[in-house]
Amino acid sequence: MDKILVLIHTVEGGALPNAALETLAAAQSLGGEVVTGVFGEGAGPSIGSLAVEGEAFAQARYATDAAACEALIKASGAAIVLAPHTSRMARALPGAAARLGGVVDTHVVAVNTSDGAVEASRWFYRQRIEGTFSRAARPWVVLIEPGSYEPAEAAPAAAVTKLEVTVGSKTQMVGFESPETGEQTIRPDAETLFVAGAGWTKKQKDGQTHTPEAAELIMGFVRGAKSSLGSSKSLVDMGSEGQSVLPFLTHLHQIGQTGSTPRHKKGLATCCHGEEPHVVGWRFVRERRAVNMDANCGWARGKADVLYVADAFEVMRELNRLLG
Ligand SMILES: Cc1cc2nc3c(=O)[nH]c(=O)nc-3n(C[C@H](O)[C@H](O)[C@H](O)COP(=O)(O)OP(=O)(O)OC[C@H]3O[C@@H](n4cnc5c(N)ncnc54)[C@H](O)[C@@H]3O)c2cc1C
């Protein structure tokens, strides 16, 4: 079988993103020869037998990331490259693959072998059709979707070959900026997804809306449980329609047919009806629960494992109290 390179980057402080260890698990599941290449801050003492480090590579930046990837792929001599589908890799690897005369596939959810050849699977047509394919071109770079594998255990490499890569760039990464809030609430690595629906801004039992309290309860849970925050389309659309809204929600939070399809172990939907165009975005959320006052809402129709027919304001108040 073709030699495989697991190509990963570190994050601030030299840690590895969860998705890196998931990609390592994907490579190990194939059973062939696997080498690991790491670039970024603290790459040397990390898990790679090949490393590119230095100040220039600590920043997420196309020019330096692509140069590091190119050097690591070349030095490994691998025909197949598996990398985590982080934004950093998704930006840099197509360019690196093209420079090496190779090809790249994104959003891959599984790799397997058939007659000794590696095959990749991914979803097409907005997650409706799953396809399995292989490619003859080498190097074949495959970006593995986070959440598709259980993370592998990994120890620091016994011996590391550090590669010297020289590349100039005028681009400086100055930091992250979250839209509107400054707080990062979309966390693909989080165990739990918390979804807020339009009900949070509707008139409640007392005939009044309670949007400020809704905001407090939602953010209280997201911070307390370190969950990722998602939204229904109705709720994020309200802002553009001039209605009372939750200021920290943007269209980037929208889950569903015209939104995102995240992969979290667990999901909790609140004040959200569970209509099909929303729930298709939950396709990869493994354990689903919902809180809705309507016992006939969409979640009750086979779309959630557990539906709590209750007032989400009361449930979340209590849940946040328990979370401290
Ligand atoms: C082509 C197309 C694409 C679409 N794509 C998407 C998509 O990507 N994502 C998406 O989300 N939608 C999408 N939609 C819209 C989707 O069909 C729904 O309109 C939307 O998901 C409804 O949002 P909601 O459940 O938050 O709001 P609502 O339907 O208004 O539901 C609010 C819910 O809150 C509950 N509620 C109110 N107060 C409380 C309380 N105190 N406690 C508990 N529950 C309470 C109510 O019982 C109700 O069920 C799409 C539609 C179309 C036609």
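**Figure 1. Pro139 and its cis peptide bond in the loop between strand 7 and strand 8**. The peptide bond that leads from Arg138 to Pro139 is cis, with omega near -5 degrees. Most peptide bonds, by contrast, are trans. The structure shown is a predicted model, in which local features need pLDDT of at least 70 and side-chain atom pairs count only at pLDDT 80 or more, whereas totals for chains, interfaces and linings use all residues. Residue numbers start from 1 along each chain as its sequence is written. Strands (E, at least two residues) and helices (H or I, at least four residues) are DSSP runs, numbered from the N terminus.

**Figure 2. The hairpin of strand 5 and strand 6**. Strand 5 (residues 103-114) and strand 6 (residues 117-124) run antiparallel and are joined by six bridges; strands are said to pair if DSSP finds at least two bridges between them. Within this pairing, Thr113 has Val118 of strand 6 as its bridge partner, and Asn112 has Glu119 of strand 6. Two residues separate the strands of the hairpin. Asp115, in the loop between the two strands, has a phi near 50 degrees, a positive value in a residue other than glycine. Most residues other than glycine have a negative phi. Asp115 is exposed because 6 other C-beta atoms lie within 10 Å. Here a residue is exposed if 12 or fewer other C-beta atoms, placed from the backbone, lie within 10 Å of its own, buried if there are 20 or more, and partly exposed in between.

**Figure 3. Strand 6 and strand 7 at one end of a mixed sheet**. Five bridges connect strand 6 with strand 7 (residues 129-133) in the antiparallel sense. Phe124 has Ile129 of strand 7 as its bridge partner. The hairpin has four residues between its strands, and Tyr125 takes a positive phi near 55 degrees there. Both strands belong to an open sheet of nine strands, arranged in the order 7-6-5-8-4-1-2-3-9 with mixed pairing. Strand 7 and strand 9 (161-162) stand at the edges, each with a single partner strand, so one side of each has no neighbour in the sheet.

**Figure 4. Helix 1 and the surroundings of Ala27**. Helix 1 lies across strand 1 (4-9), strand 2 (34-39), strand 4 (80-84), strand 5, strand 6 and strand 8 (140-144), and runs at about 150 degrees to strand 4. Axes are lines fitted to C-alpha atoms, for helices over the stretch in contact, and angles run from 0 to 180 degrees between N-to-C directions. Ala27 is placed in this helix (residues 18-30) and counts as buried because 27 C-beta neighbours are found inside 10 Å. Leaving aside residues up to four places away in sequence, Ala27 touches Ile4, Val6, Val34 and Leu82; contact requires that the C-beta atoms, placed from the backbone, lie within 7 Å. The C-alpha atom of Ala27 is separated by 18 Å from that of Thr10, which is 17 residues apart along the chain.

**Figure 5. The parallel sheet and helix 6**. Five strands form an open sheet in the order 11-10-12-13-14, with parallel pairing. Its edge strands, strand 11 (228-231) and strand 14 (306-309), each pair on one side only. Neighbouring strands of this sheet are turned against each other by 20 degrees on average, direction ignored. Strand 13 (residues 287-292) pairs with strand 14 over four bridges in the parallel sense, and Arg289 stands opposite Val306 of strand 14. In helix 6 (residues 233-240), the buried residues are Lys233, Leu235 and Val236; they pack against strand 10 (192-196), strand 11 and helix 7 (276-279).

**Figure 6. The packing of helix 5 with helix 8**. The axes of helix 5 (residues 211-224) and helix 8 (residues 312-323) are 10 Å apart and form an angle of about 40 degrees. Helix 5 is therefore oblique to helix 8; angles under 35 degrees count as roughly parallel, over 145 as roughly antiparallel, 65 to 115 as roughly perpendicular and the rest as oblique. Helix 5 contributes Glu213, Leu217, Gly220, Phe221 and Gly224 to the contact, and helix 8 contributes Phe313, Met316, Arg317, Leu319, Asn320 and Leu323.

**Figure 7. Lys226 in the loop between helix 5 and strand 11**. Lys226 has a phi near 50 degrees, a positive value in a residue other than glycine. Lys226 is exposed, with 12 other C-beta atoms within 10 Å.

How values were computed. Contact = placed C-beta atoms within 7 Å.
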